[in-house]
Amino acid sequence: MGVVNVTPDSFSDGGVHYDPGVAARAARRMAAEGAAIVDVGGESTRPGSNGVPLDEELRRVVPVLEGLGGDVPVSIDTAKTEVARRALELGAVMVNDVTAFRGDPQLAGVAAEHGAYVCLMHMQGAPRTMQVDPRYDDVAAEVTSFLEERMTFAVAQGVREDRICLDPGIGFGKTVEHNLEILRRLDVLLALGRPVLIGFSRKSSLGKLAGDPAATTGPLSASLAAAVAAYERGATILRVHDVREHVEALAVAAALA
Ligand code: HH2
């Protein structure tokens, strides 16, 4: 899954794809490089962020979807029903909601109506404060039971279970150690029987592990290592900013598997 952030302020690529033409070209390039799906988002969820109003989010993402004209499989990264509805009408095939339908419960019904794929992600707290002091007794078990409950909710709203993938939400209310523990014990989440998506690409934990305690992003080298490790532990969807490099790394990992 390639990432196209149509935002001025995303943590690693803010502003790069803010122009809709540039964003659509990036999405096409990612698909050509081997991304099976491209995740288009108009709202940064980086630690400390406050969110954007509906009209601004629509203004960012709608021209990108129009520019793609349904040529590239698109996942819409949003927690807002209206944004998801417009995106699905314009050909998006998946809804990626980092609130797992808690932000806007009606979003589930809209995804169901369109027969869309859905990604449900775990987050402790909200982006503005989630990294202040995240705590768990057992992070793998707590993330898994949360996602199991959200999956039950989604299915009750009409989303087909076989359309759902689950994401432990790397960096969303989690310390470096929590993120590592989730990957080490990914089997706990995999036991729910749904495909697992991991988004470790460029996240600050990787920069910290690579030696900079004040890092706010992580390098490509560390992102590749995390993606391969996640793949080897059973993740089948990797959300990444640098598609070509990840496709190459994962091709080698797959050949060795
Ligand atoms: N991470 C980000 C955004 N959306 N969605 C899922 N399912 N999983 C993730 O790990 C995930 C996500 C944050 O990364 P990015 O989009 O690059 O940054 P920002 O939120 O600052 O736009």
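In this predicted model, the buried residues of helix α9 are covered by a set of elements that includes α6 (176-184), α7 (186-190), β7 (197-198), α8 (204-209), β8 (237-238) and α10 (243-256). The residues of α9 that are buried are Ala 222, Ser 223, Leu 224, Ala 226, Ala 227 and Ala 230. An α-helix has 3.6 residues a turn, so residues three or four places apart point the same way. The helix itself, spanning residues 220-232, comprises 13 residues and reaches 18 Å from its first C-alpha to its last, which is close to the 18 Å expected at 1.5 Å a residue. Just after α9, Gly 234 adopts a positive phi of about 115°.

One of the buried residues of α9, Ala 230, is also in contact with Ile 198. Beyond its neighbours within four places in sequence, Ile 198 is in contact with Pro 168, Ile 170, Leu 183 and Leu 186, and further with Ala 230, Ala 235, Ile 237, Leu 238 and Arg 239. In soluble globular proteins, nonpolar side chains tend to be buried together. The largest nonpolar core of the model contains 60 residues, and within this core Leu 120 and Ile 198 touch the most other members. Helix α5 (residues 139-156) provides the largest share of this core, namely 6 residues. Apart from the largest core lies another core, of 6 residues, among them Ile 37, Met 94, Cys 119 and Cys 165.

Two pockets were examined in turn. The largest pocket has a volume of about 530 Å³ and is lined by 32 residues, of which Phe 11, Arg 46, Pro 47, Phe 172 and Lys 203 lie nearest its centre. By residue class, the lining of the largest pocket divides into 10 nonpolar, 14 polar and 8 charged residues. Helices α6 and α8 each supply at least two residues of this lining, and the largest share, 3 residues, comes from α8. Both α6 and α8 are also among the elements that cover the buried residues of α9.

The second largest pocket holds about 350 Å³ of space and is lined by 17 residues, with Met 1, Ala 36, Thr 236, Ile 237 and Leu 238 lying nearest its centre. Ile 237 and Leu 238 are also among the residues in contact with Ile 198. The lining of the second largest pocket consists of 14 nonpolar and 3 polar residues, with no charged residues. Strand β8 and helix α10 each supply at least two residues of the lining of this pocket, and α10 gives the most, with 5 residues. Like α6 and α8, these two elements, β8 and α10, are included in what covers the buried residues of α9.

With regard to enclosed space, the count comes to 4 cavities of 30 Å³ or more, and the largest cavity has a volume of about 50 Å³. The largest cavity is lined by Val 139, Ala 140, Val 143, Thr 144, Pro 168, Ile 182, Arg 185, Leu 186, Val 188 and Leu 189, a lining that divides into 8 nonpolar, 1 polar and 1 charged residues. Helices α5 and α7 each supply at least two residues of the lining of the largest cavity, with α5 giving the most, 4 residues. Helix α5 is also the source of the largest share of the 60-residue core, while Pro 168 and Leu 186, both in the lining of the largest cavity, are in contact with Ile 198.

How values were computed
Residues numbered from 1 in each chain as written. Predicted model: local features only at pLDDT ≥ 70, side-chain atom pairs only at ≥ 80, totals over all residues. Heavy atoms only, no water. Expected span 1.5 Å × (residues − 1). Buried < 20%, exposed > 50% of the residue type's maximum accessible area, 1.4 Å probe, protein only. Contact = heavy atoms within 4.5 Å. 1 Å grid on protein atoms, 1.4 Å probe; cavity = no way out; pocket = protein on both sides within 12 Å on 5 of 7 lines; lining within 4 Å. Points joined across faces, edges and corners; volume = space filled by probe spheres on them. Nonpolar A, V, L, I, M, F, W, Y, C, P; charged D, E, K, R; others polar. Core = buried A, V, L, I, M, F, W, Y, C linked by side-chain atoms within 4.5 Å.
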